[in-house]
Amino acid sequence: MTIAQHLNIALPSPVQRFKPDWPGAEKVNIYIKRDDLIHPVVSGNKWRKLSGLFAHADTLPREIISFGGGFSNHLHALGYCCAQLNIPFTAMVRGDYSLHPTPMLQDLASWGVTIRYITKLEYHRRHDPAYLTSLQNLYPLATIVPEGGSQQLALAGVQQTLLESQQTFDVVMSPVASGATLAGLITALTPKQHALGIAVLKGVGYLESLVEQFLPEGCCSNWQIEHAFHHGGYAKSGSELTAFINTAWERYQLPLEPVYSGKVFFALKVLLAQNKFAEGTNLLIVHTGGLQGARKDA
C-alpha cells in the first residue's frame with residue numbers, strides 16, 4: 001500500500017465541464033480540474049505539493065516543521081498527514097491565536113500538533129538562511145518544509161495535475177501565492193499551451209519572481225500573472241466577492257472560498273465578459289481546493 005492509498009487520496013481528480021450563464025462563456029469551452037475532491041482534508045494543490053515528501057514509506061521524515069497563518073490550508077493538510085503517519089509536527093504560526101484559535105488551529109491541536117505562535121517579525125525571517133539554521137539546530141531531526149509547501153520537490157507532484165488528464169487545453173488557470181503551483185503547471189505545458197495565474201495578493205513583479213525561482217533558466221515564456229483580482233490583498237475580500245462565492249454555490253454547487261478559488265473564478269467571469277479568450281478556446285480552471293478560508297464562522 002502506498003502512502004497516498006493509506007491516506008485515502010483519490011486520484012486522478014475529475015475534470016468537469018462548466019457552463020455558467022456568464023457573458024462570454026458561450027464562446028469558449030470551460031473545464032474544472034476538481035482537485036478539491038482529492039481528499040476532504042488534504043485537498044487540491046496541498047497534496048500535490050506534499051506528495052514528494054510522502055512518496056515512500058522508507059523515506060518519510062522523522063519530524064517536520066513548517067510555517068503558515070491561522071487559516072493555512074498547508075498547515076491543515078500537513079498536520080493531518082503527520083497525525084495519520086505518526087510523524088511529530090511543529091506548526092510555526094504567524095500571530096498569536098492562543099485565546100481565540102481558528103477552526104484550523106483547533107484541528108491541529110486535536111491531531112497532536114505542536115503549535116508555536118510566533119511574531120510577525122520572526123515569521124518574516126522564514127526564508128532567512130541564518131534563521132533556518134538556528135531552527136534546524138533546535139530541531140536536529142526535523143525536515144523544514146517552506147511555507148505553503150513551495151519547494152523544488154513540489155513541482156513533480158503539481159505537474160501530475162495536468163499529466164494525469166487525457167484531455168489537452170489551450171489555457172490553464174490557477175491562483176498564485178507562493179509560486180510553486182503555477183511553476184509546476186508551467187513545466188507540464190507544451191509550448192502551444194498557456195498558463196494564466198491569478199494573483200491572490202498584491203505583488204506585481206514579486207509573484208513573478210517567486211514562480212521564476214522554480215523554473216529552469218531561460219524556460220517558458222508561455223505564462224503570465226493577472227494582478228487585478230486580489231480584492232485588496234491576501235485573505236482580503238469584500239461584499240462583491242462574497243456574493244459571487246455564494247451565488248456560485250447556489251447556482252452551480254461549486255464550493256469556493258475567498259482566499260484562492262473564489263478569486264480565480266471571479267477573475268474568469270470578468271475576463272470572459274472582456275473577451276480575453278479567443279473563441280473556441282479550451283480553458284482548464286484548476287480548483288486547488290483548501291477551504292480553510294471559508295471556516296471563519298466557527
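Leaving aside neighbours within four places in sequence, which residues is L182 in contact with? In this predicted model, L182 contacts S174, V176, A195, G197, V211, W223 and I225.

L182 belongs to the largest nonpolar core, a set of 30 residues. Together with V211, W223 and I225, L182 is among the residues with the most contacts inside that core. Two or more core residues come from each of helix 7 (154-163), strand 7, helix 8 (180-186), strand 8, helix 9 (206-212), strand 9 (223-226) and strand 10. Helix 8 gives the largest share, 5 residues.

Another core, of 28 residues, lies apart from this one. Its members include V171, L196, L271 and L272. L271 and L272 are also among the buried residues of helix 11.

The two cores can be set side by side.

| Core | Residues in the core | Members include |
|---|---|---|
| Largest nonpolar core | 30 residues | L182, V211, W223, I225 |
| Another core | 28 residues | V171, L196, L271, L272 |

Helix 11 covers residues 261-273 and has 13 residues. From first C-alpha to last it reaches 19 Å, close to the 18 Å expected at 1.5 Å a residue. The helix is mostly covered, with 10 of its 13 residues buried. These are S261, G262, K263, V264, F265, F266, A267, L268, L271 and L272. The cover over the buried residues of helix 11 includes strand 1 (15-18), strand 2 (29-34), strand 7 (171-176), strand 8 (194-199), helix 10 (239-252) and strand 10 (282-287). After helix 11 comes N275, which has a positive phi near 55°.

Notes: Residues numbered from 1 in each chain as written. Predicted model: local features only at pLDDT ≥ 70, side-chain atom pairs only at ≥ 80, totals over all residues. Heavy atoms only, no water. Helix = DSSP H or I, 4+ residues; strand = E, 2+ residues; numbered from the N terminus. Expected span 1.5 Å × (residues − 1). Buried < 20%, exposed > 50% of the residue type's maximum accessible area, 1.4 Å probe, protein only. Contact = heavy atoms within 4.5 Å. Core = buried A, V, L, I, M, F, W, Y, C linked by side-chain atoms within 4.5 Å.
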